[in-house]
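Work through the exercises below with the sequence and the model at hand. Each task is followed by a solution in steps.

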Amino acid sequence: MAKTFKGTNRDNRQRILDAAMALIGEKGVEKTSLAQISARSGISKGTLYYYYATKNDLIFDIADLHMERITFRLTEMIDLNKALTWEDLLTEFFTTLLTLEERSRLHIYLVREAISGNQELKKRFQATYAEWFDMVADSYTRMSGGTPDTAAKAKLLVAVVDGFILQVLLETGQTDIQDIVRLMLKAIWEPEPE
């Protein structure tokens, strides 16, 4: 197996992924080449091709890693903050996501690739979003007992996160997260009409 000066294949793979994520965040997928990733990572083109024969292969790993990180953060916040109110939990989650601009930019680029015809990437996003919807719905059910439209409410919360990411990246102005969280919670926690 190929070795880096750090000593492992895992080092090579991580250096490639880190370089690729940074470049894609800066330039976008289509303007990032494997040669640029090779140069940024300090890994030869031959070694890079050993791990990733095509840019799509690399994009798939980046998408998986990116979505795993967000999923881990969401799970961590839900599990570790059971004592927090929904308002505190959502405010912290939105604030955390919105301060990760490079990751947010990467997320939007990957979504764009998925909806522009990359069917494999689209399937990966569909699976991850389904997991996010389930996690949020399960948390909502645990904290509130659930309602007939719990699944729709979970999708609304995830959609708001996506919308916030777009607004931050487009620099549409200061977003008052707490005001929006309070409004969302009012809509979600309102009793169902009889």
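**Exercise 1. A cavity and its lining**

What volume does the second largest cavity have? Find the residues that line the second largest cavity, and state which helix gives the most to the lining.

Solution. The model is a predicted one.
- Step 1: searching the whole structure for cavities of 30 Å³ or more gives two.
- Step 2: the volume of the second largest cavity is about 30 Å³.
- Step 3: its lining is made up of His66, Ile70, Leu97, Leu100, Arg103, Ser104, His107 and Ile165.
- Step 4: at least two lining residues come from helix 4 (55–80), and at least two from helix 6.
- Step 5: helix 6 gives the most, with three residues.

**Exercise 2. The overall make-up**

State how many helices and strands the protein has, and what share of its residues is buried.

Solution.
- Step 1: the secondary structure consists of nine helices and zero strands.
- Step 2: along the sequence this reads as α-α-α-α-α-α-α-α-α.
- Step 3: the protein has 194 residues, of which 41% count as buried.
- Step 4: among contacts with a separation of 6 or more, 66% are between residues 24 or more positions apart.

**Exercise 3. Aromatic rings in helix 7**

Classify the ring pair Phe125 and Tyr129 and the ring pair Tyr129 and Phe133, then place both in a cluster.

Solution. A pair of aromatic rings is described by the distance of the centres and the angle of the planes.
- Step 1: the structure contains four aromatic pairs.
- Step 2: for Phe125 and Tyr129 the ring centres lie 6.3 Å apart and the planes meet at 45°, so this pair is tilted.
- Step 3: Phe125 and Tyr129 are four residues apart in helix 7 (residues 119–144), which puts about one helical turn between them.
- Step 4: for Tyr129 and Phe133 the values are 6.0 Å centre to centre and 70° between the planes, and this pair is edge-to-face.
- Step 5: Tyr129 and Phe133 are also four residues apart in helix 7, about one turn of the helix.
- Step 6: ring pairs join Phe125, Tyr129, Trp132 and Phe133 into a cluster.
- Step 7: Phe125 and Tyr129 are both buried; because the cut-off is under 20%, Tyr129 qualifies with a relative accessible area of 15%.

**Exercise 4. Asn118 and Val181**

Is Asn118 buried or exposed? Answer the question for Val181 too, and list the contacts of Asn118 and of Val181.

Solution.
- Step 1: Asn118 sits in the loop between helix 6 (101–115) and helix 7.
- Step 2: its relative accessible area is 12%, so Asn118 is buried.
- Step 3: the Asn118 side chain reaches the backbone nitrogen of Leu121 at 3.1 Å.
- Step 4: setting aside residues up to four places away in sequence, Asn118 touches Asn56, Phe60 and Glu113.
- Step 5: Val181 belongs to helix 9 (residues 177–189) and is buried, with a relative accessible area of 0%.
- Step 6: apart from neighbours within four places in sequence, Val181 is in contact with Glu87, Leu90, Thr91 and Phe94.
- Step 7: from Val181 to Leu157 there are 24 residues in sequence and 9.4 Å in space, C-alpha to C-alpha.

**Exercise 5. Confidence**

State the average pLDDT of the protein, and say where pLDDT stays under 50.

Solution.
- Step 1: the average pLDDT is 79, and 89% of the residues score at least 70.
- Step 2: pLDDT stays under 50 over residues 1–7, where the model has 12 contacts beyond four places in sequence.
- Step 3: where pLDDT is low, the predicted coordinates should not be read in detail.

Methods: Residues are numbered from 1 along each chain as its sequence is written. This is a predicted model: local features need pLDDT of at least 70, side-chain atom pairs count only at pLDDT 80 or more; totals for chains, interfaces and linings use all residues. Side-chain values use heavy atoms; hydrogens and water are left out. Rings of Phe, Tyr and Trp (its six-membered ring) pair if their centres lie within 6.5 Å; planes under 30 degrees apart count as stacked, over 60 as edge-to-face and the rest as tilted. Buried means under 20% relative accessible area, exposed over 50%, partly exposed in between (1.4 Å probe, protein chains only). A polar contact is a pair of N or O atoms within 3.5 Å; within protein, one must be able to donate a hydrogen and the other to accept it, and residues adjacent in sequence count only if both atoms are side-chain atoms. Contact means heavy atoms within 4.5 Å. pLDDT is the predictor's confidence in each residue, from 0 to 100. On a 1 Å grid over the protein atoms alone, a cavity is a set of points where a 1.4 Å probe fits but cannot get out, and a pocket is an open set with protein on both sides within 12 Å along at least five of seven lines; lining residues have an atom within 4 Å of a point. Grid points are joined across faces, edges and corners, and a volume is the space filled by probe spheres set on the points.
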